[in-house]
Amino acid sequence: MAYNGDSDPRGDPVPTAVKLLVAGGFGAGKTTFVASVSEIEPLTTEETITTASIGTDDLTGVGDKQTTTVALDFGRITLDAQYILYLFGTPGQDRFWFMWNELSEGAFGAVVLADTRRLEDCFPSLDFFERRGTPFIVAVNEFDGGHRYGPEEVRAALDLDPGVPIVLCDARDTRSATSALVTLTKHLISVAPTTV
Amino acid sequence: MADSAERPLLDDDAGPLVRPYMASGGRTAPTASLDLLTLVWATGRLGPTQLEAELGEVLLLCREPISVAEVAAHLRLPAMVVKVLLSDLLDLGAVGLLSPDPAVDTTDRTVLEALLNGLQRRL
Ligand SMILES: Nc1nc2c(ncn2[C@@H]2O[C@H](COP(=O)(O)OP(=O)(O)OP(=O)(O)O)[C@@H](O)[C@H]2O)c(=O)[nH]1
Ligand SMILES: [Mg+2]
């Protein structure tokens, strides 16, 4: 096939990207989680967002733009020849909420990390995904010195729907973090509508 | 490295010698629509040495299909700057790109099964 801009010159099909998100409150372990499961060295990339400011007089005619830079955690897992999984850690700071819409566009699902010392910090993430209809699971990160909760205690504390899986996880451990992703994927399969 | 003078953006020790926005010639808006997950790859029509240093650096990273986010992270440049550089490469025909389908079916079982199998193999 000739180079036509939509196929790799080596003739291999271009892989399909599958996107999952890793969310949670400030310091919940998002960066650690993405780094643990990623096959590439932990990468942080900065996305520059341009927001046209609203309500300003535009006398210059060039428009009044403001740019903000957001750091994103970013990881990759090659699933097979056809699919690559990309993981994005969502920005923890509240002022970057507007970034979440763009990030969750086309995302298959999310892991919400809950820090047992501050369970309530993950409420905004839970609300966001519930409202958006993005399926998610809760991974309870058991920090040293944090209170040890059982999954059902966490469910009650977070007022979670009985259908939402809860796993205990150590974001620093590759196996533990990877199995949280497996749980998420099984959940995604279970909530996916069956084709007739 | 022989051509180190032409590789100002990747000097890890000294940090970037050129301010990021200089790398894109002061331009701040890419001409092509690129997402962080847009995959880009070198078409082979132009080699890195046929290009300005910054564009050559980007092209080198695109030997295998790679996402915009990865290019940005490797070059330690903001994604917007990388998007500008990549759209230049696209205009030159040096790279091909495939953007994620905004209408992707996130409940596609074939994809979900591939995801599950790929993850379970790593356990
Ligand atoms: N004990 C324990 N410590 C963890 C775990 N996950 C992360 N940590 C530690 O908690 C600290 C914060 O983790 P980060 O991964 O930086 O958290 P984050 O969510 O990216 O933080 P922000 O980006 O600042 O919101 C680090 O020192 C980690 O080593 C875990 O599962 N268990
Ligand atoms: Mg972080």
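This passage describes the aromatic contacts of a predicted model. A search of the whole structure, taken over all chains, finds six aromatic pairs.

One of these pairs is formed by Trp100(A) and Phe128(A), whose rings meet in an edge-to-face arrangement, with 5.2 Å from centre to centre and an angle of 75° between the planes. Because Trp100(A) is part of helix α2 (residues 97-104) of chain A, whereas Phe128(A) belongs to helix α3 (residues 123-132) of chain A, this pair ties together parts that lie 28 residues apart in sequence. Both partners, Trp100(A) and Phe128(A), are buried.

Trp100(A) also pairs with Phe129(A), in this case with a tilted geometry in which the ring centres are 5.7 Å apart and the planes enclose 40°. Since Phe129(A) is located in helix α3 of chain A and Trp100(A) in helix α2 of chain A, the contact ties together parts separated by 29 residues in sequence. The relative accessible area of Trp100(A) is 3%, and that of Phe129(A) is 0%; with buried defined as under 20% relative accessible area, Trp100(A) is therefore classed as buried, and Phe129(A) is likewise classed as buried.

When the ring pairs are followed from residue to residue, they link Trp100(A), Phe128(A), Phe129(A) and Phe136(A) into a cluster.

A contact between a charge and a ring is also found in the model, in which Arg117(A) lies over the face of Phe143(A), at 4.1 Å from the ring centre.

How values were computed: Residues numbered from 1 in each chain as written. Chains lettered and ligands numbered in written order. Predicted model: local features only at pLDDT ≥ 70, side-chain atom pairs only at ≥ 80, totals over all residues. Heavy atoms only, no water. Phe/Tyr/Trp six-rings, centres within 6.5 Å; stacked < 30°, edge-to-face > 60°. Helix = DSSP H or I, 4+ residues; strand = E, 2+ residues; numbered from the N terminus. Buried < 20%, exposed > 50% of the residue type's maximum accessible area, 1.4 Å probe, protein only. Lys NZ or Arg CZ within 6 Å of the ring centre and 35° of its normal.
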